[in-house]
Amino acid sequence: MGVSGTLEYLSDLMSSSGHKHKKRKQLQTVELKVRMDCDGCELKVKKALSSLNGVKSVNINRKQQKVTVTGYVEANKVLKKAKSTGKKAEIWPYVPYNLVAQPYAVTAYDKKAPPGYVRKVDNNVSSTATVTRYEDPYITMFSDENPNACSVM
């Protein structure tokens, strides 16, 4: 434990005597999809998000329309601040396509997704698209796994 960690620990011990203190926020990363067209849009969003209390860094990838905010912040406050700039913003809706069971299902496939990403879908929720499996009866008739295959031959 360094000097700053020791001082912080001691100050917590001293301040906890009879006083209730707020629970600290966890360091987290919030990813947003924000519509940005030019350097001015990018600067406006970066300036607004950097002004939030607890923000450590703001990284922007304009090609993917992705903003990554790291700090002691809450996701809904970051989203609200991003929307206050007048830009269309939402929580980053994409995951790498190899994490989705059926990445090209109607609910997951998105043409606007960056390369290698698909829309995040809950596997628990039944989708509107149903997959029916058609088994060819001739294939199963002569299969080694079919116990009645010998009777046919």
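This passage describes the overall fold, one helix and the charged side chains of a predicted model.

The chain holds 5 helices and 6 strands. From the N terminus, their order is α-β-α-β-β-α-β-β-β-α-α. Of the 153 residues, 24% count as buried. Contacts across the sequence were examined next. Among contacts with a separation of 6 or more, 53% are between residues 24 or more positions apart.

Helix 2 has 12 residues. From first C-alpha to last, helix 2 reaches 16 Å, close to the 16 Å expected at 1.5 Å a residue. Its buried residues are C41, V45, A48 and L49. Viewed down the helix axis, these residues fall within an arc of 95°, so they line one face of helix 2. The spacing follows from helix geometry. An α-helix has 3.6 residues a turn, so residues three or four places apart point the same way. The buried residues of helix 2 pack against strand 1, strand 2, strand 3 and helix 3 (75–83). On the face turned away from the buried side, helix 2 carries the exposed residues D39, L43 and K47.

Charged side chains were then considered. Side chains of opposite charge can pair when their charged atoms come close. The count comes to 4 salt bridges. Helix 2 takes part through D39 and E42, which are linked with R62 in a network of salt bridges. In the pair of D39 and R62, the closest N and O atoms are 2.9 Å apart. D39 lies in helix 2 (residues 39–50) and R62 in the loop between strand 2 (55–61) and strand 3, so this salt bridge ties together parts that are 23 residues apart in sequence. In the pair of E42 and R62, the closest N and O atoms are 3.5 Å apart. This second pair also links distant parts of the chain, with E42 in helix 2 and R62 in the loop between strand 2 and strand 3, 20 residues apart. The members of the network vary in accessibility. D39 counts as exposed, at 56% relative accessibility. R62 counts as partly exposed, at 28%. E42 counts as partly exposed, at 23%.

A further salt bridge involves two strands. The side chains of K66 and E31 meet with an N to O distance of 3.4 Å. K66 is in strand 3 (residues 66–71) and E31 in strand 1, so the pair links distant parts of the chain, 35 residues apart. K66 is buried, with a relative accessible area of 12%. E31 is partly exposed, with a relative accessible area of 30%.K33 presents another case. K33 lies in strand 1 (residues 28–34). This lysine is buried yet has no salt bridge. The nearest side chain of opposite charge is that of E90, 4.4 Å away. A salt bridge requires a side-chain nitrogen of Lys or Arg within 4 Å of a carboxyl oxygen of Asp or Glu, so a separation beyond that cut-off does not count. The side chain of K33 does make a polar contact of 3.0 Å with the side chain of Y94. Leaving aside residues up to four places away in sequence, K33 touches Q65, K88, A89, E90, I91, W92, P93, Y94 and K112. E90 is thus among the residues that K33 touches, although the two form no salt bridge.

Terms used
Residues are numbered from 1 along each chain as its sequence is written. This is a predicted model: local features need pLDDT of at least 70, side-chain atom pairs count only at pLDDT 80 or more; totals for chains, interfaces and linings use all residues. Side-chain values use heavy atoms; hydrogens and water are left out. Helices (H or I, at least four residues) and strands (E, at least two) are DSSP runs, numbered from the N terminus. Buried means under 20% relative accessible area, exposed over 50%, partly exposed in between (1.4 Å probe, protein chains only). Lys and Arg count as positive and Asp and Glu as negative; His and the chain ends are not counted. A polar contact is a pair of N or O atoms within 3.5 Å; within protein, one must be able to donate a hydrogen and the other to accept it, and residues adjacent in sequence count only if both atoms are side-chain atoms. Contact means heavy atoms within 4.5 Å. The expected span of a helix is 1.5 Å times one less than its number of residues. The arc is that of the directions from the helix axis to the C-beta atoms.
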